[in-house]
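Welcome! Work through the exercises below with the model open beside you, and try each task before you read its solution.

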Amino acid sequence: MSSAVHKRRPLLQKQQDDEKDDAASNSIVNYGPFSESNMLYWILGLRLVSIPLVQTYFAPDEYWQSLEVAHKLVYGYGFLTWEWKLGLRSYLHPLAIAVLFFAFKYTGLDSVSMLINGPRICQAVMSTFADVYFYRFVKEHFGKDLAIWTTLSLCTSWIWFYCASRTLMNTVETALACFAMYYYPWNLGMKQSEVTWKISKFTVITSLSVVLRPTSAAMWAPMYVWLLYKYFRHSTILVKMFLKIAVLALLTLAIATFVDRMIYGRWVFAHYHFLHFNVITGQGTYFGREPWHWYVTEGIPVITGPHLPLVAYGVYLTCRKRIIHSCREKVVSTMLLVICGSTVFMYSVPGHKEHRYLLNLVPMLCFFSGISMRSFNRKWKKLAVAWLVITNLVMVLYFGLVHQSAPLKVVDFLQKRAKSDLKYNTELTGQFALFLLPCHSTPYYSHIHHNVSMHFLTCHPDLEGYGKREYIDEQDTFYKNPKQWLDINVLQSVTPSNKCPDNLPKHIIMYDNLLPDVLPSISMCYASCFTTFHTHFPEGKTGQNMWVYCRFPNNDG
């Protein structure tokens with residue numbers, strides 16, 4: 001009898017310790033200001049704080065496919081890249097920003113600061129609700145405990161903090177993924193009316209996601225397949241559900257196409273053009289080609305960062321079914337694995353790859369990180385939280401304030417120069433700025449907000465030969481022989497009698513690695529007027545610092 005009692009005590013003690021650990025894991029949202037009801041405000045504060053803490057350049061699309069397009073819609077000047085000329089992009093996303101710009105314009109609030117930060121604030125709010133909806137999704141299917149650890153993982157993710165307030169299409173896509181996860185009818189045993197209502201919302205959200213980024217279909221395809229499979233034996237329900245999905249998807253596509261028709265001025269099927277250009281013709285590889293395994297060997301490790309060991313262990317626990325407590329949990333966790341796998345597989349097929357393309361998987365990867373932390377004892381939970389907070393904070397501060405910080409500082413300098421010049425001149429004559437940088441290295445008119453003449457080195461693909469002829473863009477032509485390009489395109493009007501004519505660009509912007517080739521040609525008319533740090537790790541055509549050279553004042557007309 002006594003021996004049996006002694007055998008049971010360790011089991012009883014373990015159960016009590018597990019209960020204490022569960023209570024400790026819940027304490028962060030059960031006490032005072034950290035209660036679950038205040039979660040929205042804490043996450044909103046975190047996302048809004050990311051705006052001043054993220055002042056670096058990440059991807060050209062943040063400006064050139066959103067703010068720049070919206071600025072041209074509202075103010076009539078701006079630069080439309082080649083994608084808009086070919087009709088590869090839908091206007092839905094820039095139009096949403098344009099509505100905000102219209103509001104600023106007609107209320108007199110359209111300062112440069114408002115045009116830059118207004119869209120970022122709106123995106124931060126959208127990302128906040130996405131975080132909350134993903135918390136609700138995990139809580140509904142796995143319980144409050146795992147939802148807490150998942151949210152903690154998401155809030156400490158450096159890449160999500162880095163991107164959650166950026167005006168990237170990928171950020172919108174990630175937010176829509178969180179909403180869609182919540183509305184997906186995981187529990188098919190509920191009332192048919194509730195299933196129908198959830199399917200309707202899920203279809204609209206995913207259709208909008210595909211309209212904005214056709215490649216996001218890779219994420220949603222497994223979920224639709226599973227849904228149709230579960231109803232395969234119920235022919236009547238299956239037909240009704242299929243028709244509802246088809247109608248809502250086509251309606252969303254029709255609205256997007258109509259919006260594009262109104263703005264483009266012609267019928268444009270942006271989604272077909274996008275797939276034709278990037279998949280059928282393979283022109284997307286013009287901007288770089290990576291090996292097929294790049295997302296596995298570099299993409300996922302970079303976007304997960306310090307979360308990587310926790311994500312890997314969480315995937316291991318899921319595959320071993322160590323977290324499964326019900327049939328629904330099995331379905332949901334397995335589907336999340338399938339979604340991540342199918343997305344990475346489909347994105348690995350095209351040659352062109354970027355880290356931001358995997359941003360929509362970050363919430364799900366944080367789910368697996370949350371699984372790991374929930375499985376730890378109290379000591380390891382504290383160590384895991386400390387590890388995530390400290391390491392991700394270092395990455396956020398470095399990548400948000402230091403790495404690739406020059407473009408925004410340079411454009412801010414140019415904006416102030418343009419404002420000062422226009423204060424004394426109603427119209428600036430000649431070229432205001434010449435960007436001798438890799439194409440799209442800085443924001444453009446959306447951050448200058450003055451209709452001045454500027455030029456940057458273009459790098460669009462062969463829009464006529466579609467890669468079937470020998471072709472070299474302006475950017476590569478320049479870097480092949482910078483001095484020759486300057487002599488032909490900029491300094492051709494310089495003569496002994498007219499040493500520094502007024503038609504020379506007023507500002508020339510370049511990286512320091514270009515100075516040995518360019519400075520001898522421009523030093524007679526230009527002097528350095530601004531320089532700022534860019535990166536500790538220059539690569540390719542970039543340098544460690546970015547310089548602005550100003551034309552001598554006495555040569556202004």
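**Exercise 1. Cysteines and exposure**

Is C122 buried, partly exposed or exposed?

*Solution.* Start with the ground rules. This is a predicted model, in which local features need pLDDT of at least 70 and side-chain atom pairs count only at pLDDT 80 or more, while totals for chains, interfaces and linings use all residues. Residues are numbered from 1 along each chain as its sequence is written, and side-chain values use heavy atoms, with hydrogens and water left out.

Step 1: recall the classes. Buried means under 20% relative accessible area, exposed means over 50%, and partly exposed lies in between (1.4 Å probe, protein chains only).

Step 2: apply them. C122 has a relative accessible area of 42%, so C122 is partly exposed. C319, at 49%, is also partly exposed.

**Exercise 2. Disulfides**

Find how many disulfides the model has, and describe each one.

*Solution.* Step 1: know what to look for. A disulfide is a covalent bond between the sulfur atoms of two cysteines. Here the test is a pair of cysteine sulfur atoms within 2.5 Å, and this rule gives two disulfides.

Step 2: take the pair C439 and C459, whose sulfur atoms are 1.7 Å apart. The angle about the S-S bond is 70 degrees, and the link of C439 and C459 is right-handed. C439 sits in the loop between β1 (431-436) and α20 (445-448), and C459 in the loop between β2 (453-456) and α21 (474-480), so the bond ties together parts 20 residues apart in sequence. (Helices are DSSP runs of H or I with at least four residues, strands are runs of E with at least two, and both are numbered from the N terminus.) C439 is buried at 14%, and C459 is buried at 7%.

Step 3: turn to C529 and C550, with an S to S distance of 1.9 Å. Their link is right-handed, with 65 degrees about the S-S bond. Because C529 belongs to strand β4 (residues 526-533) and C550 to strand β5 (residues 545-551), the pair ties together parts 21 residues apart in sequence. C529 is partly exposed at 29%, whereas C550 is buried at 6%.

**Exercise 3. Cavities**

How many cavities of 30 Å³ or more does the structure hold? Describe the largest cavity.

*Solution.* Step 1: define the term. On a 1 Å grid over the protein atoms alone, a cavity is a set of points where a 1.4 Å probe fits but cannot get out, and its lining residues have an atom within 4 Å of a point.

Step 2: count. There are four cavities of 30 Å³ or more.

Step 3: look at the largest cavity, which has about 200 Å³ of space. Its lining has 21 residues, and R89, S90, M169, L212 and R213 are the closest to its centre. Two or more lining residues come from each of α3 (61-75), α5 (92-106), α9 (169-183), α10 (192-212) and α13 (270-280).

**Exercise 4. One residue in a helix**

Which residues does N170 contact, apart from its neighbours within four places in sequence?

*Solution.* Step 1: locate the residue. N170 is in helix α9.

Step 2: check its exposure. With 0% relative accessibility, N170 is buried.

Step 3: list its partners, where contact means heavy atoms within 4.5 Å. Beyond those sequence neighbours, N170 is in contact with R213, R356, Y357 and L359.

Terms used: On a 1 Å grid over the protein atoms alone, a cavity is a set of points where a 1.4 Å probe fits but cannot get out, and a pocket is an open set with protein on both sides within 12 Å along at least five of seven lines; lining residues have an atom within 4 Å of a point. Grid points are joined across faces, edges and corners, and a volume is the space filled by probe spheres set on the points.
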